[in-house]
2 protein chains.
Amino acid sequence: MTVGDNSGMQRNTRQRAAILETLSRQDDFRSAQQIHEQMKADGETVGLATVYRNLQVLSRSDRLDVLVAGDGEALYRQCEDTGHHHHLVCRECGRTVEFLAPKLENAMTAIAHEHGFTDVDHTLEVFGLCSDHAEGGVETR
Amino acid sequence: MTVGDNSGMQRNTRQRAAILETLSRQDDFRSAQQIHEQMKADGETVGLATVYRNLQVLSRSDRLDVLVAGDGEALYRQCEDTGHHHHLVCRECGRTVEFLAPKLENAMTAIAHEHGFTDVDHTLEVFGLCSDHAEGGVETR
DNA sequence: CTGCTCGTGAGAATGATTGTCATGACGCTC
DNA sequence: GAGCGTCATGACAATCATTCTCACGAGCAG
């Protein structure tokens with residue numbers, strides 16, 4: 001029964017370092033496949049399965065944020081804030097802004113409690129058009 | 001370039017009626033496959049592809065709510081409120097409560113605007129343990 | 001250095017969802 | 001009620017993201 005911290009048990013592999021390095025250069029959410037392609041383009045030789053495995057491990061240890069897209073694809077991003085926060089994502093260019101909203105958190109928890117729910121958790125993501133893609137002239141839909 | 005409303009063009013098929021009927025008897029979110037199995041168990045003969053197609057059509061016309069589970073699977077539910085609303089879902093039994101939170105909506109929109117985002121939309125789902133599954137002794141984490 | 005184990009890689013396997021296409025069912029007209 | 005154009009259906013193949021398998025190589029402790 002090894003309690004808690006097993007981060008010391010992880011080995012330091014070239015591949016994991018490369019994945020983190022690649023992520024640190026991305027600003028928006030990317031799929032595992034996109035990240036893999038990016039790495040190949042950068043001359044890194046890393047297997048796709050390895051990318052998947054590491055993204056999983058990293059997100060589990062909160063070093064990465066996961067966002068499930070509308071079509072069910074998982075998107076990853078290395079966030080500045082390692083604590084609980086939400087995202088404001090431009091649906092045109094993927095530009096992402098992190099934000100905190102303690103009032104929202106509390107309000108949601110309150111609502112949950114009103115209905116007798118405990119141990120509350122939630123997913124909240126906001127999508128919109130960033131200033132560079134505000135609809136004014138060029139409509140893409 | 002056929003504009004807008006083609007909802008009048010949909011035909012009334014036995015299959016679609018059966019799917020709606022099945023959904024109306026469910027209280028929680030179910031996957032397309034689960035719905036298909038349920039129907040088979042009820043003696044309905046409907047193809048899986050047909051179930052998928054109809055769930056899509058119905059959700060597109062807002063007669064059904066879709067919830068993308070953590071693993072990317074799409075879950076469907078017939079909600080009482082046909083307008084914009086959110087869900088409070090018990091992560092143990094799937095029991096679902098619908099709720100409105102206009103304050104949250106406004107707050108989120110405000111935050112988005114502060115960052116220059118427009119045409120804002122969002123996804124918000126709350127997960128917890130309902131009164132029947134409140135943790136009192138048995139900790140699952 | 002030596003060995004134990006975990007991480008990796010290539011490809012197969014899985015599982016949900018979508019595409020294909022011939023046949024059947026709707027709803028309309030006569 | 002029959003005929004007809006069209007959309008919907010069903011069986012199965014195809015796709016796509018993700019996970020599994022398993023032999024091999026690379027960290028790291030002794």
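**Two chains, strand to strand**

Modeller: Let's start at the E6 strands of this predicted model: Asp121(A) stands opposite Phe127(B) in E6(B). Another facing pair there is Thr118(A) with Leu129(B).

Biologist: What makes E6 of chain A and E6(B) a strand pair?

Modeller: The number of bridges. DSSP has to find at least two between the strands, and 9 join strand E6 (residues 118–129) of chain A to E6(B). That passes the cut-off, so they count as paired. The two strands run antiparallel.

Biologist: And within a chain, in which sense do E4 and E6 of chain A pair?

Modeller: Parallel. Strand E4 (residues 86–90) of chain A and E6(A) share 4 bridges, with Val89(A) opposite Phe127(A). Both senses are fine in general: strands of a sheet pair through backbone hydrogen bonds, parallel or antiparallel.

Biologist: How do you know how the two copies are related?

Modeller: Superpose them. Chain B lands on chain A, with an RMSD of 0.1 Å, after a rotation of 180° and 0.0 Å of shift along the axis. The two copies are therefore related as by a two-fold rotation axis.

Biologist: What tells you which surface each copy uses to meet the other?

Modeller: Compare the interface residues: 100% of those of chain B are also interface residues in chain A, so the copies meet through the same surface. In contacts, 37 residues of chain B touch 37 residues of chain A. The two chains bury about 2,800 Å² between them, with 66% of it on carbon and sulfur atoms.

Biologist: Why is the pair Asp119(A) and Arg91(B) called a salt bridge?

Modeller: Set the distance against the rule. The nitrogen of the Arg side chain must be within 4 Å of a carboxyl oxygen; here the N to O distance is 3.2 Å. It fits, so Asp119(A) and Arg91(B) qualify. Between chain B and chain A the count is 2 salt bridges, and there are 10 residue pairs in polar contact, both residues at pLDDT 80 or more.

Biologist: Which elements of chain B supply at least two residues of the side that touches chain A?

Modeller: Strand E4 (86–90), strand E5 (96–99), helix H4 (102–114) and strand E6 (118–129) of chain B. E6(B) gives the most, with 12 residues. By class, that side of chain B has 22 nonpolar, 9 polar and 6 charged residues.

Biologist: Back to single chains. What makes Asp27(A) and Arg77(A) a salt bridge, and what does the pair tie together?

Modeller: Their side chains meet at 3.3 Å, N to O, and the limit is 4 Å, so the pair counts. Asp27(A) lies in the loop between helix H1 (14–24) and strand E1 (30–31) of chain A, and Arg77(A) in strand E3 (residues 74–77) of chain A, so parts 50 residues apart in sequence are tied together. Over all chains, the same rule gives 14 salt bridges.

Biologist: Now the sheet in chain B with the order E1-E3-E2: which are its edge strands, and how do you know?

Modeller: The sheet is open, with 3 strands and antiparallel pairing. Strand E1 (30–31) and strand E2 (65–68) of chain B each pair on one side only, which makes them the edges. E1(B) meets strand E3 (residues 74–77) of chain B over 2 bridges. The minimum is two, so that pairing still counts. Arg30(B) is opposite Tyr76(B) there.

Biologist: And what lies between E2(B) and E3(B)?

Modeller: A turn: the two strands form a hairpin with 5 residues between them, and Gly72(B) in the turn has a positive phi of about 90°. E2(B) and E3(B) pair antiparallel over 4 bridges, with Leu67(B) opposite Leu75(B).

Terms used. Residues are numbered from 1 along each chain as its sequence is written. Chains are lettered from A and ligands numbered from 1 in the order in which they are written. This is a predicted model: local features need pLDDT of at least 70, side-chain atom pairs count only at pLDDT 80 or more; totals for chains, interfaces and linings use all residues. Side-chain values use heavy atoms; hydrogens and water are left out. Copies are superposed by least squares on the C-alpha atoms of residues with pLDDT of at least 70 in both. Contact means heavy atoms within 4.5 Å. Buried area is the accessible area (1.4 Å probe) that two parts lose on being put together, summed over both. A polar contact is a pair of N or O atoms within 3.5 Å; within protein, one must be able to donate a hydrogen and the other to accept it, and residues adjacent in sequence count only if both atoms are side-chain atoms. Ala, Val, Leu, Ile, Met, Phe, Trp, Tyr, Cys and Pro count as nonpolar, Asp, Glu, Lys and Arg as charged, and the others, Gly among them, as polar.
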